[in-house]
Amino acid sequence: MGSWPLPAEGTHHAALERRFTGIETARVLVIDDEPLILSTLSAFLELEGYGEVSCFECGTAALEHFAQHGADVILCDYLMPGLDGVEVLARARELDPRVPRILLTGYADKEAAIRAINEAGLFQYLEKPWSNDDLQLALRNALERHRLLSCIGSKAAELNIANARIEDLQRAVLRAFL
Ligand SMILES: [Mg+2]
């Protein structure tokens, strides 16, 4: 630590960071066909304080859940029987393009990651075995991006309403004077 006056033990700092990125209310969708990886990810994310962690061993079930309940970020394994990670993320994008998508790939799967960047509009990919710091950073960046996009969306809606009001007023003014 430098000379910056961080609170002792960093607990307040961690709480502030959580509030800033909205981790406590974040809904994370995790998909991996290996139960051990799934439970490791789930335990880590719950320990870190993510609001809701939904885990699936197969893409089809995960997509059904996503279609019904949505999510704030999706973390998906690449190599799985049935739908692979690129296909799952591409379908998730069709369902809701605003939700950031992260692919977990093996060391030898660089090509898959590149394909995913092109086909599934990937936000980021992480190589297995991942470091928890990289995972945390990728998720925080993704959530921040999602928050900003939602914010821009609601601001745009507000602007549209304001514009419509101005047009109404202009029409009223014209009717009054012409
Ligand atoms: Mg796998």
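Two residues are in contact here if their C-beta atoms, placed from the backbone, lie within 7 Å; the legends below describe close-up views of a predicted model.

**View 1. Asp33 and its contacts in the loop between β1 and α2 (35–47).** Not counting residues up to four places away in sequence, Asp33 touches Glu57, Cys58, Asp77, Met80 and Pro81. Asp33 has 17 C-beta neighbours inside 10 Å and therefore counts as partly exposed, since a residue is buried if 20 or more other C-beta atoms lie within that distance and exposed if 12 or fewer. Between the C-alpha atoms of Asp33 and Cys55 the distance in space is 10.0 Å, while the two residues are 22 apart in sequence.

**View 2. The chain as a setting for the close-ups, with 6 helices and 5 strands.** Followed along the sequence, these elements give the pattern α-β-α-β-α-β-α-β-α-β-α. The chain has 178 residues, of which 27% count as buried. If one takes the contacts in the chain between residues at least 6 apart in sequence, 63% of them join residues at least 24 apart.

**View 3. The buried and exposed faces of helix α3 (59–69).** Gly59, Ala62, Leu63 and Phe66 are the buried residues of this helix, and because they cover an arc of only 100° around the axis, they lie on the same side of α3. The face turned away from that buried side carries the exposed residues Ala61, Glu64, Gln68 and His69. The cover over the buried residues of α3 includes the strands β1 and β2 (52–56), together with helix α4. After α3 comes Gly70, which has a positive phi, near 70°; as background, most residues other than glycine have a negative phi.

**View 4. The packing of α3 with α4.** Two packed helices are described by the angle between their axes and the distance between the axes. The axes of α3 and α4 come within 10 Å of each other and cross at roughly 15°. The two helices are therefore roughly parallel to each other, given that angles under 35 degrees count as such, and their crossing is right-handed. On the α3 side the meeting residues are Gly59, Ala62, Leu63, Phe66 and Ala67, and on the α4 side they are Glu87, Val88, Arg91, Ala92 and Leu95. By residue class, this contact of α3 with α4 comprises 7 nonpolar, 1 polar and 2 charged residues.

**View 5. The buried side of helix α4 and its surroundings.** Gly85, Val86, Val88, Leu89 and Ala92 are buried in α4; because the arc they cover around the axis is only 160°, they are placed on the same side of the helix. The elements against which these buried residues pack are the strands β1 (27–31), β3 (73–77) and β4 (101–105), and the helices α3 and α5.

**View 6. The packing of α4 (residues 85–95) with α5 (residues 110–119).** The axes of these helices come within 10 Å, with a crossing angle of roughly 15°, which makes α4 roughly parallel to α5. The crossing of α4 and α5 is right-handed. In the contact, Gly85, Val86, Leu89 and Ala90 of α4 meet Ala112, Arg115, Ala116 and Glu119 of α5, a set of residues that divides into 5 nonpolar, 1 polar and 2 charged.

**View 7. The cis peptide bond between Lys128 and Pro129.** The peptide bond that joins Lys128 and Pro129 is cis, with an omega of about -5°. Most peptide bonds are trans. Pro129 has its place in the loop that runs between β5 (124–127) and α6 (132–177).

**View 8. Leu135 in helix α6 and its contacts.** Leaving aside neighbours within four places in sequence, Leu135 is in contact with Leu126 and Trp130. Because Leu135 has 18 C-beta neighbours inside 10 Å, this residue counts as partly exposed. The C-alpha atoms of Leu135 and Tyr125 are 9.6 Å apart in space, and the two residues are 10 apart in sequence.

Methods
Residues numbered from 1 in each chain as written. Predicted model: local features only at pLDDT ≥ 70, side-chain atom pairs only at ≥ 80, totals over all residues. Helix = DSSP H or I, 4+ residues; strand = E, 2+ residues; numbered from the N terminus. Axes fitted to C-alpha atoms, helices over the stretch in contact; angles between N-to-C directions. Parallel < 35°, antiparallel > 145°, perpendicular 65-115°, else oblique. Left-handed = near helix turned anticlockwise from the far one by under 90°. Nonpolar A, V, L, I, M, F, W, Y, C, P; charged D, E, K, R; others polar. Arc of directions from axis to C-beta.
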